[in-house]
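This briefing is meant for a reader meeting the structure for the first time. Please look over the sequence and the model first, and then follow the points below topic by topic.

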Amino acid sequence: MNKSLEQHAKPGAASFDISGMTCASCVARVEKALRAVPGVEDASVNLATERASVRGAADSAAIVAAVHRAGYEAAPTPAAPLRTAAPARALPAWWPVAAAALLSAPLMLPMLGQLAGADWPLPGWLQWLLATPVQFWLGARFYRAGWKALRAGAGNMDLLVALGTSAAYGLSVYLLLAGGHGAGHLYFESSAVVITLVLLGKWLEARARRQTLEAIGALESLRATDALVRRGGHDHVIDVGMLVVGDVLVVRPGARVAADGVVEEGRSHLDESLLTGESLPLAKGPGERVTGGAVNGEGLLLVRVTAVGAATLLSQIIRQVEDAQAVKAPVQRLVDRVSAVFVPAVLLVSVLTFIGWWLATGDWQGALLNAVAVQVIACPCALGLATPTAIMVGTGVAARHGILIRDAEALETAHAVDTVVFDKTGTLTEGRPVVVALEGSQPERVLALAAAVQQASSHPLAHAVGELARQRGLVLQPAAEAQALPGRGVQASVGAARVWLGNARLADELGAALGQWQEAAARHEAEGRTVSWLLREQGGQPEVLGLLAFGDRVRATAPAAVARLQAMGVRTSMLTGDNLGAARAVAAAVGIGEYAAGVLPGEKAEHVQRALAAGRRVAMVGDGINDAPALAAASVGIAMAGGTDVAMHTAGITLMRADPALVADAIAVSQRTYRKIRQNLGWAFAYNVVGIPLAAFGLLNPMLAGAAMALSSVSVVSNALLLRRWQPAAPAPSSMDQASMPSSTIGASLPLSKGEHTMYELTVEGMSCGHCVGRVTRTVQGIDAGAKVEIDLPTKKVRIDSGADLDRIAAAIDDAGYPVTARAVD
């Protein structure tokens, strides 16, 4: 999680905010203008975000000028804007809608009266007075935008609305001035009500579109505005923009971490849920990395700053989500082709409708109204919003749950994945060694002596031995004269005896007989484990007391993650550079039937390419530099955020937690988003395919056409917003029951004697924050220092793996002020 994320969707890309766009035709015109600028290699414009992504070496001023000539306004997007208060409005955003509705309502009275069997005519001059401000004051935006489109030699939705309502208004003025027509034959209500309905639709659409930006808003809200920093022995509150790398942050309980850094002093739990999707607060202590935006729990922390401003993980996450929302999905290309000819085609149909009805009926007034209805019902706006709104909401909801999607293409591609290829080390396994087996006549004594010999060592294997000793609560004897034996092991004096811990070469050099433990060592080595021999001087001669086998622990969620993918109909396989024994053991533990061992980095990519050549849609999941070629070769690459920069820069999707379960969630959110895209495009095309012929055949009057047009835009945005309800699947119970794991499985915990450890599940009330989580955890570990405690704060569930008595644990939690209301023993 502490690695840098790629800041741009494409190398050399610049982002510009575009104003004045109203439909897909506007998008096409802005893109055409941008691509004509010298130095621009490619340009993509998103209607929903009103943003353009421009790739190339063109000057920003030239880009802004080109957009202005096309009839719109552009400005470079700020790199990392801080939260500012929204500007105060003299009037609310809905006031034009309200004003238009008040002026249009009286014009509807004659129509309503006819429906009620009454005659409520309004004088023609009064209708004209009511309709004129709606047409030319409240509807001025359509004339301005339509004129810009005409001047640029193109058309858009505003042009259609302006032409259609002007025709109805002009016809009414002509009839009023010509005389001989009653008030009931005027069509002022058509022009005024259409403008009112279109304004209503645009306001509802803008209101709904703002909701699609909630993911960015939630991430932006994590930015701290000030920081408490310790300089010269004194604490100062400064603006977060004044922080520099190397500063020491003082993070009080309940405060937000202002920047990325490393804990120098203190211990606490940090809530990183909005960054990683992890529901539980994470314990942090000296030497551990913390992320800006996380909320501190119960302890005071001193944090040395390692990244500030745009270099922080939070800023880069925000930029990546923005980039993903700004880039077009491949399916949008169909919409772009349609929108390029849409407005001219609608105008042609409108002219043909007018001519056809006039020739057929001789009633040029009725023909004109039918032509107006054709222009009003046409809605390129819905087509322009159908895809980007779904992409925005989909990438936003994924980010809230710890899944960062780098671009729309990755989101669209992931929905069709039918094969997932996992790397082993660091992906399905934790990527760090643990003691997986003890062999000896007295296993506890073997562990105690091995831990004593390595007390001063920083070697990963020494850390694994010391961790297990701490979990078991062993009291270690002091070691003296400790000495590393390069390439063989370590030796030290423990008590009055000399003790050695090392490989078979060391045992051979000491002339020790391996005896009865040789068979066990061969079995462990065949399964890919590292074996260390423990020897003690006895009567002047080294004697083998036993051995320790080290392996890489399988992630607790890996079996359930693989099972879920298989239940979704997705094939799973595993690639590893490790030996065959290790590969076989991990594959068996997680339920993968297809695997390959001893695979070099380039060969991983070849495996992926063979699967692609066979017609599969392949997702590659990895975390290291050696996975980068395969991540790039796959249909979509999925990287673990705890891995290397190269892996994450190559992948289209980054998982912010090192949890294989998120792979299925990433595919699931992609599938849901793609369904919304298809639904939205279906609605948008249906409105036009059905509505335009109905209007052309005289079955829709302009007012109904205006209502349908407004509804089309609102409906596609509202349908996209339903994506916000998506939630990751609840974690399935892990199949890795440590008490029942076969001893041949890499990653299994050491066999436990009956009654030594028990898994308890308690429901604990009164917990509300990271402070509570830390207090309950410390209470349990105060009784059993080796207890493992997992707390799900939203459900109040506490799972405890401990050898202590349940009644004693529950009583201690009660005494700490957190009532235990339910107990269960696995």
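The model shown here is a predicted one. Among the features described below are an open sheet of 6 strands, a helix in which 8 of 11 residues are buried, a set of 16 salt bridges, and two kinds of surface patch, one positive and one nonpolar.

**The open sheet**

- The open sheet is built from 6 strands with antiparallel pairing, and their order across the sheet is β6-β5-β7-β13-β8-β11.
- The edges of this sheet are taken by β6 (234-239) and β11 (289-290), each of which has a single partner strand, so one side of each is left without a neighbour in the sheet.
- Within the sheet, strand β8 (residues 260-265) runs antiparallel to strand β13 (residues 301-307), and the two are joined by 5 bridges; in this pairing, Val262 stands opposite Arg304 in β13.

**Strands β19, β20 and β21**

- Strand β20 (residues 530-538) pairs in the antiparallel sense with strand β19 (residues 497-502) over 4 bridges, and across this pairing Trp500 stands opposite Leu535 in β20.
- Strand β20 also pairs with strand β21 (residues 541-554), again in the antiparallel sense and over 9 bridges, with Ser532 standing opposite Leu548 in β21.
- The hairpin of β20 and β21 has 2 residues between the strands, and in this hairpin Gly539 takes a positive phi near 65°.

**A mostly covered helix**

- Helix α22, which spans residues 580-590, is mostly covered, since 8 of its 11 residues are buried.
- The buried residues of α22 are Gly581, Ala582, Ala583, Ala585, Val586, Ala587, Ala589 and Val590.
- Just after the end of α22 comes Gly591, which takes a positive phi of about 90°.

**Salt bridges**

- Side chains of opposite charge can pair when their charged atoms come close, and the structure holds 16 salt bridges, of which some are described here.
- The side chains of Glu41 and Arg55 meet in one salt bridge, at 3.2 Å from N to O. Because Glu41 lies in strand β2 (residues 40-46) and Arg55 in strand β3 (residues 51-56), the pair ties together parts that are 14 residues apart in sequence.
- In that pair, Glu41 is exposed, with a relative accessible area of 58%, whereas Arg55 counts as partly exposed at 26% relative accessibility.
- Glu481 and Arg498 also meet through their side chains in a salt bridge, at 3.3 Å from N to O. Glu481 belongs to strand β17 (residues 479-485) and Arg498 to strand β19, so this pair ties together parts that are 17 residues apart in sequence.
- The two partners differ in how far they are covered: Glu481 is exposed, with a relative accessible area of 59%, while Arg498 counts as buried at 16% relative accessibility.
- Asp665 forms a salt bridge with Arg564, and the closest N and O atoms of the two are 2.5 Å apart. This pair links distant parts of the chain, with Asp665 in helix α26 (residues 661-696) and Arg564 in helix α21 (residues 558-567), 101 residues apart.
- Asp665 is buried, with a relative accessible area of 4%, and its partner Arg564 counts as partly exposed at 24% relative accessibility.
- Beyond these pairs, a network of salt bridges links Glu31, Arg35 and Asp42.

**Surface patches**

- Arg141, Arg144, Lys148 and Arg151 form a positive surface patch. Of these residues, Lys148 has its place in helix α6 (residues 140-151), where Lys148 counts as partly exposed at 31% relative accessibility.
- A nonpolar surface patch of about 510 Å² is made by Val689, Val690, Leu694, Phe697 and Leu699.
- Val690, one of the residues of the nonpolar patch, lies in helix α26 and is partly exposed, with a relative accessible area of 49%. Helix α26 is also the helix that holds Asp665, the partner of Arg564 in the salt bridge described above.

Key. Residues numbered from 1 in each chain as written. Predicted model: local features only at pLDDT ≥ 70, side-chain atom pairs only at ≥ 80, totals over all residues. Heavy atoms only, no water. Pairing = 2+ DSSP bridges. Patch = residues over 30% accessible without salt bridge, like charges linked within 9 Å, V, L, I, M, F, W, Y side chains within 5 Å. Areas by Shrake-Rupley, 256 points an atom, 1.4 Å probe, with all protein chains shown as cover. Salt bridge = Lys/Arg side-chain N within 4 Å of Asp/Glu carboxyl O. Lys, Arg positive; Asp, Glu negative; His and termini not counted. Charge placed at Lys NZ, Arg CZ, Asp CG, Glu CD. Buried < 20%, exposed > 50% of the residue type's maximum accessible area, 1.4 Å probe, protein only.
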